[in-house]
Every structure is written in C-alpha cells, then in structure tokens.
Amino acid sequence: MAPLARVRARSLLPALALIVGCAGDREVRQRMTPPEVSGSLPGTEDTSPGPGEADGALNGGETETELVSVRPGVNDKYFEAGAAEEWSELLEHDGRDVFEHREAIVAAMALEPGMTVADIGAGTGAFLTTLSAPLGPEGKLYAVDIAPPFLEHLRGRVADEGLSNVEVVEGTTTETGLPPGSVDVLFVCDVYHHIEYPSAYLRSLHETLRPGGRLVIVEFDKVPGKTSKRMMKHVRQDKATLLAEVGAEGFSLVEEITSVPLSENYMLVFTR
Ligand SMILES: C[S@@+](CC[C@H](N)C(=O)[O-])C[C@H]1O[C@@H](n2cnc3c(N)ncnc32)[C@H](O)[C@@H]1O
C-alpha cells in the first residue's frame, strides 16, 4: 500500500520542505520548516533517521530525509462521512477501558485551574468535559484532531455544552497546530498507535509543550498472551518501543501511573 504522506527535507537547502500527502481520496499540500533547518528543538541535533524516516543520497552528495508513514491508512476510517456518529458509540461506552476510567485518569493528572491542556487526538470528545472542568474559566483546553468529521462534531459539542474554555484545533499528521511552548499538559490517549510519523509528531509535541510541562500518554498494552489478537494486530508498538521513540525525541520519563485500574492500557508521564 502506498504511504499516506511523504516528506522530503533537503538538509543542504535552507528552504521550506514540501509535504505532499493524502488521506483517503483527499490530497493535502502544505509547507513546513524541516527540523534540520529550524534547528531550534532540543534533542534534534542527532539527524539520524527516526521511526518512519529514511536517509537517501541526492544528486551532488546532498542527503534527504524522507518521512514514510509507519501505519498507512490507520486513520482513513475517521475521515469517512458519518464517522463521528459511528465512533461516538464505539469510543464512549463503559466497556471501553479508558472511557470507564476517564475520571480516575484525569484525576491522576492533577490538573489545576488556569492550566492549558491539549487533548491530542480528541476524537469524538470522550474526555472533553472531564478535562475541561478542572481548568476553570481561566484555563484552556485545546481539542486537537486531524479528521474533519470529528472536528465538526467537537465544535458542535463545545457549543451545545457551553464549554467556554475549550478550543477545537485542526492539526496535521506531523504537527499539533498549537503555538510553541503554549501547553502545560499534553494528553495523548489511545492515539499513539494512530500517529503515522512518530518522530516528526513527537518533535512537534516537544515544541508545543512548555519547558517543565508534562506529556501524558495512555496507550494500549501490546503483550503476547495478554493482549487480544485484534489489538496485537492493530497496535503498532509495544511499551518498550514507545519509550524508546518518545525518549529519542527529548522527553524524559517521570513516572508510570499505576493507581488507575486500567486493564488493557498503561499510563506514562514524561517531561521535556
Ligand atoms: C482511537 S481515536 C481516540 C480518540 C480519543 N483520544 C479517545 O480516547 O476517545 C484516535 C484519534 O487520534 C486522531 N489522530 C490520529 N493521528 C493524529 C495526529 N497526528 N494528530 C492529532 N490527532 C490524530 C484520530 O483522528 C482519532 O480521532
């Protein structure tokens, strides 16, 4: 299957790299500053390829970094008409480990009034009210997603439920779409295995998080003999792989939260 998006960044060209990507039948063209050029992010000095990246030689001895999706098509179903209605039912019911324990998950994050939090891959908004409540009117919750049906659905919920401290933000497969250093806590729940370009996206998460802020990842376990066959197939990476990938982009593990009685997921806290 062809990769969903391909990014070429010529390290010898101090110019913008062209991203050409497509999701389903939609083609997306945008420009970004390649990490090699911006040089502003800690942990990006090592230009060796990360997950989904490959170096190749160009004419004249230049090198290029090419991003190839580690999981082509994994988000296509979210772009289909009617996705928000279908996935609201699938993501928001008590038989789902993280939904059933959403109050405990958010309580363990110790959010405070006035904080700025980003729900990365907010989906249908399963965590919308639980995350926004503790932030109060002075705080802010960014609900970030890439799928138009979910973004429209989230905007509707924000209006209907009068969530005045929530802003819905359209991100891309490589960037959060949020200002640098703007977020105290990044919340990434059941999303990591849907990230097609882990290195690029982690660099964007790193840039988005304020120094000393926290990255909270809740993710499906992938343990042979424990994890269902379906999830063994669906989830790309196990915990060790996730730890290595996140660590490689400049995040440090603070703790694993075990006080929430999750049965299929683990919860990790990192800082930058
Ligand atoms: C399984 S859903 C989880 C939704 C929500 N976090 C929850 O737990 O109910 C995965 C979500 O991640 C979103 N997603 C995938 N890649 C993303 C990216 N690079 N940036 C933001 N959202 C992304 C998908 O569109 C989808 O809404």
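**Notes on the predicted model: sheet, helices and pocket**

1. Let's start with strand S12, where both faces are covered: Asn265, Met267, Val269 and Thr271 on one side, and Tyr266, Leu268 and Phe270 on the other, are all buried. Put as a count, seven of the seven residues of S12 are buried, so the strand is mostly covered, where buried means under 20% relative accessible area. The split into two sets fits the usual pattern: in a regular strand, side chains alternate between the two faces of the sheet. Keep in mind throughout that this is a predicted model.

2. What does S12 pair with? S10 and S12 pair in the antiparallel sense over seven bridges, and Glu219 stands opposite Tyr266 in S12. S11 and S12 also pair in the antiparallel sense, over five bridges. There, Glu256 has Leu268 of S12 as its bridge partner. As a reminder, strands of a sheet pair through backbone hydrogen bonds, either parallel or antiparallel.

3. Zooming out, S12 belongs to an open sheet of seven strands, ordered S8-S7-S6-S9-S10-S12-S11, with mixed pairing. The edges are taken by strand S8 (166–170) and strand S11 (252–257); each has a single partner strand, so one side of each is left without a neighbour in the sheet. On average, neighbouring strands of this sheet are turned by 20 degrees against each other, direction ignored.

4. For a parallel pair, look at strand S6 (residues 116–120) and strand S7 (residues 140–145), which are joined by five bridges. Within that pair, Val117 stands opposite Leu141 in S7. Helix H7 (residues 198–208) packs on the sheet here, touching S6, S7, strand S9 (183–189) and strand S10 (209–220). The direction of H7 makes about 135 degrees with that of S10.

5. Another helix to check against the sheet is H9 (residues 239–248), which lies across S10, S11 and strand S12 (265–271). H9 runs at about 15 degrees to S12.

6. Which residues of helix H2 (residues 83–91) are buried? They are Ala83, Ala84, Trp87, Ser88 and Leu91. Seen down the axis of H2, these buried residues fall within an arc of 125 degrees, so they line one face of the helix. The face turned away from that buried side carries the exposed residues Glu85 and Glu89. Helix H3 (97–100) and helix H6 (148–160) are among what covers the buried residues of H2.

7. If you're thinking about cavities and pockets, the largest pocket has a volume of about 830 Å³. Of the 43 residues that line the largest pocket, Tyr78, Leu91, Arg96, Asp190 and His194 are the closest to its centre. Leu91 is also one of the buried residues of H2. At least two lining residues each come from H2, H3, S6, S7 and helix H8 (229–234).

8. Asp190 deserves a second look for its backbone. Its phi is near 60 degrees, a positive value in a residue other than glycine. For context, most residues other than glycine have a negative phi. Asp190 lies in the loop between S9 and H7. Is Asp190 buried or exposed? At a relative accessible area of 14%, Asp190 is buried, and the residue is listed with those closest to the centre of the largest pocket.

9. Ala110 also has a positive phi, near 50 degrees, in a residue other than glycine. Where is Ala110 placed? The residue sits in the loop between helix H4 (102–108) and S6. Its relative accessibility is 43%, so Ala110 counts as partly exposed.

10. Away from the seven-stranded sheet's order, Thr65 has its place in strand S5 (residues 63–68). Thr65 counts as buried, at 9% relative accessibility. C-alpha to C-alpha, Thr65 and Gly52 are 10.0 Å apart in space, and they are 13 residues apart in sequence.

11. Finally, the chain-wide numbers. The chain has nine helices and 12 strands. Of its 272 residues, 49% count as buried. Among contacts in the chain between residues at least 6 apart in sequence, 69% join residues at least 24 apart.

Methods:
Residues are numbered from 1 along each chain as its sequence is written. This is a predicted model: local features need pLDDT of at least 70, side-chain atom pairs count only at pLDDT 80 or more; totals for chains, interfaces and linings use all residues. Side-chain values use heavy atoms; hydrogens and water are left out. Two strands pair if DSSP finds at least two bridges between them. Helices (H or I, at least four residues) and strands (E, at least two) are DSSP runs, numbered from the N terminus. Axes are lines fitted to C-alpha atoms, for helices over the stretch in contact, and angles run from 0 to 180 degrees between N-to-C directions. Contact means heavy atoms within 4.5 Å. Buried means under 20% relative accessible area, exposed over 50%, partly exposed in between (1.4 Å probe, protein chains only). The arc is that of the directions from the helix axis to the C-beta atoms. On a 1 Å grid over the protein atoms alone, a cavity is a set of points where a 1.4 Å probe fits but cannot get out, and a pocket is an open set with protein on both sides within 12 Å along at least five of seven lines; lining residues have an atom within 4 Å of a point. Grid points are joined across faces, edges and corners, and a volume is the space filled by probe spheres set on the points.
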